[in-house]
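Okay, thanks everyone, let me put this one up on the screen. I'll start with a pocket and then walk through a couple of side chains.

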Amino acid sequence: MEVVDEQAALLSNYEVYAILKDAKQSKKHSHQNVATIVYETESYLEKTPCRNQSAEAVQSFLESLREFKLTKAEKLQLLNHRPVSQVELHFLLAESEERFGDEDLQKILDIIQSTLPE
């Protein structure tokens with residue numbers, strides 16, 4: 001994976017994890033501080049849902065959510081956190097009570113369960 005423009009968009013945990021894995025395989029870091037940061041970040045991400053995600057799963061997830069008109073930040077939060085309950089959704093989605101009914105929230109959870117691996 002290659003970073004084309006550092007300022008272009010937000011990165012998901014999956015994208016950061018993939019970049020770190022590629023960087024780790026391609027070369028050794030010349031500075032101890034950089035190597036430590038890469039190691040610590042990768043160790044943290046290993047404990048998050050992104051460790052099992054793939055580019056295809058992320059694409060399928062984003063396409064499935066189109067009908068809900070979520071912001072980029074909300075999609076990113078859902079992707080990074082992979083919520084499993086409606087309570088978690090209420091924390092991640094702005095004004096979720098006004099924007100979505102219980103059925104919509106359950107559909108979002110179903111999409112998360114079916115497209116993003118645990």
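Before the pocket, a word on terms: a pocket here is an open set of points on a 1 Å grid, with protein on both sides within 12 Å along at least five of seven lines. And the volume I'll quote is the space filled by probe spheres set on those points. Keep in mind as well that this is a predicted model.

So, the largest pocket comes out at about 280 Å³. Which elements give two or more residues to its lining? Those are H3 and H4, and H4 gives the most, with 4 residues. If you want to click through the lining, go to Ala9, Leu10, Leu11, Ser12, Glu15, Val58, Leu62, Lys72, Lys75, Leu76 and Leu79. Sorted by class, that's 7 nonpolar, 1 polar and 3 charged residues.

Let me zoom out for a second. The protein chain has 7 helices and 0 strands, so to speak an α-α-α-α-α-α-α run from the N terminus on. There are 118 residues, and buried ones make up 32% of them. Now take the contacts with a separation of 6 or more: 59% of those are between residues 24 or more positions apart.

Back to H3. Ala57, Val58 and Phe61 are buried in that helix. They sit on the same side of H3, because they cover an arc of only 100° around the axis. As a reminder, an α-helix has 3.6 residues a turn, so residues three or four places apart point the same way.

Okay, side chains. Is glutamine 53 buried or exposed? Glutamine 53 has a relative accessible area of 7%, and the cut-off is under 20%, so this glutamine is buried. You'll find it in the loop between helix H2 (32-45) and helix H3 (55-64). What does the side chain of glutamine 53 reach? The backbone oxygen of leucine 79, at 3.2 Å. Leaving out residues up to four places away in sequence, glutamine 53 touches Tyr14, Val58, Leu79, Leu116 and Pro117. Two of those names, Val58 and Leu79, you've already heard in the pocket lining.

The other one I wanted to show is asparagine 80, in helix H4 (residues 72-81). Asparagine 80 counts as buried too, at 13% relative accessibility. Its side chain reaches the backbone nitrogen of asparagine 13 at 2.8 Å. With the sequence neighbours up to four places away left out, asparagine 80 touches Ser12, Asn13 and Pro49. And look at asparagine 80 against leucine 11: they're 69 residues apart in sequence, but 9.9 Å apart in space, C-alpha to C-alpha. Leucine 11, again, is one of the residues lining the largest pocket.

That's my tour, happy to rotate the view for anyone.

Terms used
Residues numbered from 1 in each chain as written. Predicted model: local features only at pLDDT ≥ 70, side-chain atom pairs only at ≥ 80, totals over all residues. Heavy atoms only, no water. Buried < 20%, exposed > 50% of the residue type's maximum accessible area, 1.4 Å probe, protein only. Polar contact = N/O pair within 3.5 Å; in protein donor to acceptor, adjacent residues only side chain to side chain. Contact = heavy atoms within 4.5 Å. 1 Å grid on protein atoms, 1.4 Å probe; cavity = no way out; pocket = protein on both sides within 12 Å on 5 of 7 lines; lining within 4 Å. Nonpolar A, V, L, I, M, F, W, Y, C, P; charged D, E, K, R; others polar. Arc of directions from axis to C-beta.
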